[in-house]
Amino acid sequence: MRCAGIDIGSRSIELVVVEAGRVLEKRQADSGFDPMAQARDLLDGLPYDRILATGYGRHLFELALEAPTVTEIKAYAVGAGLLFPKVRTLLDIGGQDSKAIALREDGRVKKFEMNDRCAAGTGKFLEIMAHSLGYALEAFGPAALQAEKEIQVSSMCTVFAESEVTSLLARGEDRKAIASGLHRSVVRRASGMLKRIEATDPILFAGGVALNPCMVRYLAEATGKEIVVPEQPQMTGALGAAIMAEEMHSKR
Amino acid sequence: MSESYRSMWESLGLDLAAHDALLEVLGKAYQDIYMAQEQRPEGMGYFDFVMSEVHGLRIKELLDEKAAGKKVVGSFCVFVPEEIVRAVDATLVGLCTGADFAVEEVEKLLPRNTCALIKSAFGFKAGKVCPYIESADMIVGENTCDGKKKSYEILDDLVPNLYVMDLPQTKSPEGRRLLAAEVDRFKTAMEDLSGVALDVERLKKGIEIVNNKRKAMHRLYDLRKHDPAPISGLDALLANQVFFYDDPLRFTESVHKICDELERRIEQGQGVFPKGAPRVLLSGCPMAVPNWKLPWIIESSGAVIVGEESCVGERGTRNLTGDSGDSVKGLMEAIVDRYVQIDCAIFTPNPERLDHVQEMARAYKADGVIHYGLQFCQPYITESMPVEKALEDADIPTLRIETDYSMEDVGQLKTRVEAFVEQLR
């Protein structure tokens with residue numbers, strides 16, 4: 001029985017196929033403007049018996065392929081449980097959402113916090129800020145880590161932060177220092193959510209933003225806790241969905 | 001809606017084109033949200049009819065009553081004592097506050113970060129689409145939150161007949177005295193408006209009518225304690241909403257009829273959701289027609305709403321008014337005793353509400369509580385923190401939602417609510 005999990009996020013789509021708990025295949029694509037078409041491309045030529053969808057686009061997928069769905073909150077919890085069974089606190093920062101999730105001893109979701117409707121504190125915020133400062137997204141975190149001084153960026157709102165960046169640049173500030181301040185601002189928001197769910201040590205950091213080394217370092221500083229990042233943090237949800245597809249099968 | 005209503009709406013000064021647009025949106029929302037439900041009790045047909053005629057037949061009835069010399073009083077709050085309104089043979093109706101309308105006009109009058117409920121009241125007035133506010137002989141405002149009391153100062157310029165009732169902020173003896181004085185002032189205002197002098201018999205009659213309406217709701221609430229739930233939360237919310245509009249005697253009778261049907265359903269083990277479906281208690285701000293967004297999201301995520309800790313729900317209907325007094329003074333005291341118990345978040349402190357939320361969660365066997373705070377509603381959003389803490393200390397999972405009437409956050413709300421429902425399973 002090959003079970004697939006597909007995580008249709010706002011920025012990217014991840015697909016994981018498992019068989020008897022072993023990962024057979026991992027794929028990723030941009031969500032683009034037609035996520036269903038991208039999802040179909042990703043599935044093309046891939047044999048699987050069952051599929052479970054998660055992520056922002058899960059209901060689109062549910063309608064198109066009559067697949068069952070699960071929220072990314074649960075999928076990340078299950079994926080995290082498989083990768084790091086002892087971790088009880090999870091932070092997932094994706095393209096348009098950020099979530100802090102507390103897990104019970106048995107791995108089920110105990111409580112979660114999620115960002116409000118705007119892009120503040122999400123991957124989208126970092127992406128837009130990287131662009132304003134002329135960095136490729138991958139280079140943004142490493143550049144921020146090279147900052148020689150720190151500039152406080154107070155706006156959490158993407159729109160206001162962008163104009164704040166513009167005025168900082170006009171003042172002649174170093175863009176690395178601004179980058180560092182922007183990372184701190186996203187971390188402040190994340191650590192606020194982690195406080196509300198009473199985060200334990202260590203914290204599993206997943207979602208695409210966990211690939212950013214500056215975010216990992218600053219999060220450790222802000223929380224005083226060990227930050228664990230899976231090898232491919234953006235795959236955590238798809239992995240969780242695949243595992244759940246398998247569990248749903250075995251329950252029948 | 002038939003042509004004959006058009007002249008009625010026109011005579012009320014409604015903007016017919018805007019009103020048509022409103023009715024179309026309302027009708028569509030009702031179809032998508034209400035008529036799409038499965039296994040609805042047959043008795044809900046009555047409420048479907050009421051909703052389809054909410055700006056039609058009901059308004060005609062009110063205008064007929066007016067023609068016969070009776071008065072119509074509009075209100076925005078459960079603190080306005082309906083017993084007294086009924087006692088002078090007048091009709092109390094809730095005014096429209098459940099949808100965004102004429103937002104640009106409203107934002108000329110009110111700050112943008114005013115809650116959606118207040119903005120909506122202004123939108124319906126400014127957009128000339130609420131036949132209730134246009135039919136009312138008196139509009140009663142009340143000094144609850146800062147948003148409302150300051151906005152009434154502005155509303156006063158828009159309507160010719162605003163009456164503002166002051167309310168205490170604490171449940172101290174001084175607070176109660178203030179409420180008693182205001183209820184008394186309201187009694188005089190109702191007597192002046194109607195030309196009817198209140199006596200024991202009239203007051204008793206008013207109390208009886210309103211108590212009976214509340215008792216019918218209590219019976220409905222009680223039936224929702226069963227698993228499987230015999231009625232959806234959306235339908236029960238609709239009954240709570242129509243409570244504010246409909247003729248009280250007809251309403252009472254119709255709710256009892258639904259209850260009879262629900263009792264048969266319970267006997268047969270029949271429900272609107274499968275037995276064991278996650279049960280959710282809604283707590284927080286009031287939801288006026290057609291604010292069905294969050295309940296719809298919750299129930300389309302597989303959970304059933306089993307109770308409303310809300311003004312449009314048990315906060316508004318929980319307490320009955322004592323009817324044993326044999327003097328006007330005694331009955332007026334009983335009315336004050338009843339209204340002073342309302343556990344609105346404008347009171348400080350407000351520990352009764354924390355107790356009530358927990359009691360309700362237990363009584364309705366709720367698996368979790370969703371706290372609904374209207375964006376910019378300071379009293380309820382601030383209180384959502386201690387509510388969440390009290391519930392979680394009692395091991396009741398809680399989700400705090402802050403939203404407004406717009407649809408832009410539906411995707412994110414759905415993710416949150418679905419994840420919460422997964423958590424309860």
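This passage walks through the domains of chain A, the core, the contact between chains A and B, and a sheet in chain B, all in a predicted model.

Chain A comes first. Its domain assignment splits the chain into domain 1 (1–84 + 234–252) and domain 2 (87–229). The C-alpha centres of these two domains of chain A sit 25 Å apart. Where they meet, 14 residues of domain 1 of chain A are in contact with 18 residues of domain 2 of chain A. On the domain 1 side of that meeting, α3(A) makes the largest contribution, with six residues. Sorted by class, this side of domain 1 of chain A comes out as six nonpolar, six polar and two charged residues.

Next up is the largest nonpolar core, which has 208 residues. The members that touch the most other members are A:Ala4, A:Ile6, A:Phe205, A:Ala241, A:Ala242 and B:Val280, so named from both chain A and chain B. Within chain A, helix α7 (residues 175–196) gives the most to this core, namely eight residues. Both domains of chain A take part as well: domain 1 (1–84 + 234–252) and domain 2 (87–229) each put in at least three residues. A:Ala242, one of the members just listed, gives a feel for the local surroundings. Setting aside neighbours within four places in sequence, A:Ala242 is in contact with A:Cys3, A:Ala4 and A:Gly5, and also with A:Val16, A:Val17 and A:Val18.

As for how the two chains meet, ten residues of chain A are in contact with ten residues of chain B. On the chain A side, α3 (72–83) and β7 (109–114) each supply at least two of the residues involved. That side of chain A divides into six nonpolar residues, one polar residue and three charged ones. Helix α3 of chain A therefore turns up in two places, on the side that touches chain B and on the side of domain 1 that touches domain 2 of chain A.

Over in chain B, four strands make an open sheet with parallel pairing, in the order β2-β1-β3-β4. The edges of the sheet are taken by β2 (91–94) and β4 (162–165) of chain B; each has a single partner strand, so one side of each is left without a neighbour in the sheet. From one strand to the next, the twist averages 30 degrees. Taking one pair in detail, strand β3 (residues 138–142) of chain B runs parallel to β4(B) and is joined to it by four bridges. Across this pair, B:Glu142 stands opposite B:Met165 in β4(B).

How values were computed:
Residues are numbered from 1 along each chain as its sequence is written. Chains are lettered from A and ligands numbered from 1 in the order in which they are written. This is a predicted model: local features need pLDDT of at least 70, side-chain atom pairs count only at pLDDT 80 or more; totals for chains, interfaces and linings use all residues. Two residues are in contact if their C-beta atoms, placed from the backbone, lie within 7 Å. Ala, Val, Leu, Ile, Met, Phe, Trp, Tyr, Cys and Pro count as nonpolar, Asp, Glu, Lys and Arg as charged, and the others, Gly among them, as polar. A nonpolar core is a set of buried Ala, Val, Leu, Ile, Met, Phe, Trp, Tyr and Cys residues joined through C-beta atoms within 7 Å. A residue is buried if 20 or more other C-beta atoms lie within 10 Å of its own, exposed if 12 or fewer, and partly exposed in between; C-beta atoms are placed from the backbone. Domain bounds come from an automatic or database domain assignment. Two strands pair if DSSP finds at least two bridges between them. Axes are lines fitted to C-alpha atoms, for helices over the stretch in contact, and angles run from 0 to 180 degrees between N-to-C directions.
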